[in-house]
Every structure is written in C-alpha cells, then in structure tokens.
Amino acid sequence: MLSYQHAYHAGNFADVHKHLTLYAVIDHLLRKSSPITFFDTHAGRGLYPLEASETQRLGEYRHGMLPLWQAREALSDEPLLASWLEAIAGLQPNPGRLERYPGSPWWLSQRLRRDDRLQLFELHPGEHEHLAQQALPTNVRRIHADGLAGLSAALPVATPRVCALLDPSYELKAEYVEVAVSVLGAMRKARHAVVLVWYPLLPAARHLELLERLRDGGLRKIWRSELTLREPGEERGMYGSGMLVVNPPWGLDERLAAAMARVTPLLGDTSRYRADWWVEE
C-alpha cells in the first residue's frame, strides 16, 4: 500500500505507546555487550517537523506527545519517562519548544554501537526519499523495498542478537495475516529474536486474527500491551494502540507499567492501559 504517510499522525498517542515500548526494549538490550542487528520494516521518514502541513492537518500530536512534553518536569521522577523525554528534548532545535517528533529510525539509530547494525525498510518512494535525507550513522542501511520480505531475506544474521520492529499501516486487511506470517517465519530463522509488533485497535477488531495466528503458530513468550482512549464503538476510527513483544527482556513489563501509569491520565479521563501475557513461556 503506497498511500499511507505517517506524517499525518506523527506524535499521536499510538506513537507514544509504540516508541516508549521500543525505547524500553532497546535500553534493556544494550545492557549486554554482544552486537545486535536491528530491523525496522516500515521505517517512514525518520523525523517529523510538527509544523509540516501534513502533521498540522490533523494535529494528532496535540493529544499524544504534547501533553507529555508539557508535563515533563512533573514526570522527571519516573526513570523511563524521564530518559525518554530527555532524548526528545535533545532533538529539538530550540530548547523548551516541541518542534520535532522522532520516528522509529531515529529511536533505533541514536544509540547504535560500533558493532551493531540497523536495516531500515521503506517501500513508499516519497517516504524513502525523506528517509534518505536524514543524517544517520554509517552502520545504518536504508532500503527501498518491502520490509516484511526484506526481513525474511535478511535472516539469519551474523550478529548473535536480533531485534525487529513491524508496524505497517494496516490499511489493507491482508496485512494482519501478512504480519503474523512474517513474525512466525522470522522466529523460525532466529528463535531468540526480540520482535515488536504494533497494531491498531479499531471497531472491526481485525487485530484479533493477528493475535490468534501468532498464538496458534506455536510461539511462546508473547507479551501484550494495549493503550485505549475510549471504549470501542463510541466513535469511528482508531480507539487504541496495541503492542506485542516476542521474547521480551526481563523486567520490561514492570518498567512500562510504571511509566504508562503516569502517561495514561495525561491522555484523557477515559484512557486505559493494560498489559499481560498473550502467550506465556
């Protein structure tokens, strides 16, 4: 699907949920010295100026990243959130002003070590062109190709550890199944990989097919978290954000629960966060 451009949604509540989870996983993985190959199957632009016309059109960051930014001093006592917000603050051209929001390529690349590797896939030609203009370390490859196929072709890798993020737009119904098939295939080739999957919560509940196929595919250790803004069916459109982590690092669930307990009230009175094991070890 070549119509989706994440700039229209940059910094929304789903980005907060997804990128805080990604940041926490990376932080855990970097506690060990062995090299990691990272994959981002749907990279997008990498960096989003919030004054861009696309982002201003919907202004979704105003109900996602902005409330956290405005409350950052009050959140400074929560370790994970404080570190995450500090990273975002360091990206801003003018201190104290929220002008840019980083996409997953930035989060994945900013702490790469010399022997780590990162492969960024983006199929949309316009988005890939934006990504090509980003300043990234030399151990990052930007690939204009389908990320699910690219992940499968790239595995196994030379590094002892693997971490992959899969977060397509799901504009096509088939993508829920395609993601499940891709994850199952990746885990057969790299069974110790840490794989993160983002999915939208929509009234049609198509994410359930993704969840069920992963469970029925024989995987173990799948942790699930969901952030909802409201109950399904109250309004049209996305009412929540879901994340799966296959082979989650030990302690990830507790760190994120503590952080999300502070995030959730800032997103509205009806916002809720829950996390559990979708498939236990």
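**Entry 1: strand β9**

I started with β9 and found it mostly covered, with seven of its seven residues buried. A reminder to myself before going on: this is a predicted model. I then checked which way the side chains go. Gly240, Gly242, Leu244 and Val246 sit on one side of β9, Ser241, Met243 and Val245 on the other, and both faces are covered.

Next I looked up the partners of β9. Strand β7 (residues 194-201) pairs with β9 (residues 240-246) in the antiparallel sense, over seven bridges. I noted two positions along that pairing. Tyr199 stands opposite Gly242 in β9, and the bridge partner of Leu196 is Val245.

The other partner I looked at is β8, which also pairs with β9 over seven bridges, antiparallel. Here I wrote down Ile222 opposite Val246 and Trp223 opposite Val245. Val245 therefore turns up twice in my notes, as bridge partner of Leu196 and opposite Trp223.

**Entry 2: strand β8**

How many of the residues of β8 are buried? I counted seven of its seven, so I put β8 down as mostly covered too. Ile222, Arg224, Glu226 and Thr228 point one way from β8. Trp223, Ser225 and Leu227 point the other way, and the residues of both sets are all buried. I paused at Arg224 and Glu226, since both are on the buried list.

I followed β8 on to β10 and found that seven bridges join these two strands, which run antiparallel. One pair I kept from there is Glu226 with its bridge partner Arg274 in β10.

**Entry 3: the whole sheet**

I zoomed out and read off the strand order. The sheet is open, has eight strands and runs β5-β4-β1-β6-β7-β9-β8-β10, with mixed pairing. Which strands stand at the edges? I found β5 (140-143) and β10 (272-279) there, each with a single partner strand, so one side of each has no neighbour in the sheet. I also noted the turn between neighbouring strands, which is 15° on average, ignoring direction.

A helix packs on this sheet: α9 (residues 207-216) touches β7, β8 (222-228), β9 and β10. I compared directions and got about 150° between α9 and β7.

As background for myself, strands of a sheet pair through backbone hydrogen bonds, either parallel or antiparallel.

**Entry 4: helix α6**

I moved to α6 (residues 125-132) and listed its buried residues, which are Glu127, His128 and Leu131. Why do they line one face? Looking down the axis of α6, I saw them fall within an arc of 100°, so they share one face of the helix. The general rule I had in mind is that an α-helix has 3.6 residues a turn, so residues three or four places apart point the same way.

What do those buried residues pack against? I found α5 (104-109), β4 (117-121) and β5. That brought me back to β5, which I had already marked as an edge strand of the sheet.

**Entry 5: helices α7 and α8**

I checked the pair α7 (residues 147-154) and α8 (residues 174-189), whose axes come within 9 Å and cross at roughly 10°. That angle makes α7 roughly parallel to α8. On the α7 side, the contact is made by Leu148, Leu151 and Ser152. From α8 come Glu178, Val179, Ser182, Ala186 and Lys189. I sorted the contact residues by type and got four nonpolar, two polar and two charged.

**Entry 6: two single residues**

I picked His19 first, which lies in helix α1 (residues 13-29). Is His19 buried or exposed? Its relative accessible area is 2%, so it is buried. Leaving aside neighbours within four places in sequence, I found His19 in contact with Trp84, Tyr101, Pro102, Gly103, Ser104 and Trp107.

Then I looked at Pro249, in the loop between β9 and α10 (252-263). Pro249 counts as buried, at 16% relative accessibility. With neighbours within four places in sequence left out, its contacts are Val25, His28, Leu29 and Val194. I also took one distance: from Pro249 to Trp69 it is 27 Å, C-alpha to C-alpha, and the two are 180 residues apart in sequence.

Key. Residues are numbered from 1 along each chain as its sequence is written. This is a predicted model: local features need pLDDT of at least 70, side-chain atom pairs count only at pLDDT 80 or more; totals for chains, interfaces and linings use all residues. Side-chain values use heavy atoms; hydrogens and water are left out. Axes are lines fitted to C-alpha atoms, for helices over the stretch in contact, and angles run from 0 to 180 degrees between N-to-C directions. Helices (H or I, at least four residues) and strands (E, at least two) are DSSP runs, numbered from the N terminus. Angles under 35 degrees count as roughly parallel, over 145 as roughly antiparallel, 65 to 115 as roughly perpendicular and the rest as oblique. Contact means heavy atoms within 4.5 Å. Ala, Val, Leu, Ile, Met, Phe, Trp, Tyr, Cys and Pro count as nonpolar, Asp, Glu, Lys and Arg as charged, and the others, Gly among them, as polar. Two strands pair if DSSP finds at least two bridges between them. Buried means under 20% relative accessible area, exposed over 50%, partly exposed in between (1.4 Å probe, protein chains only). The arc is that of the directions from the helix axis to the C-beta atoms.
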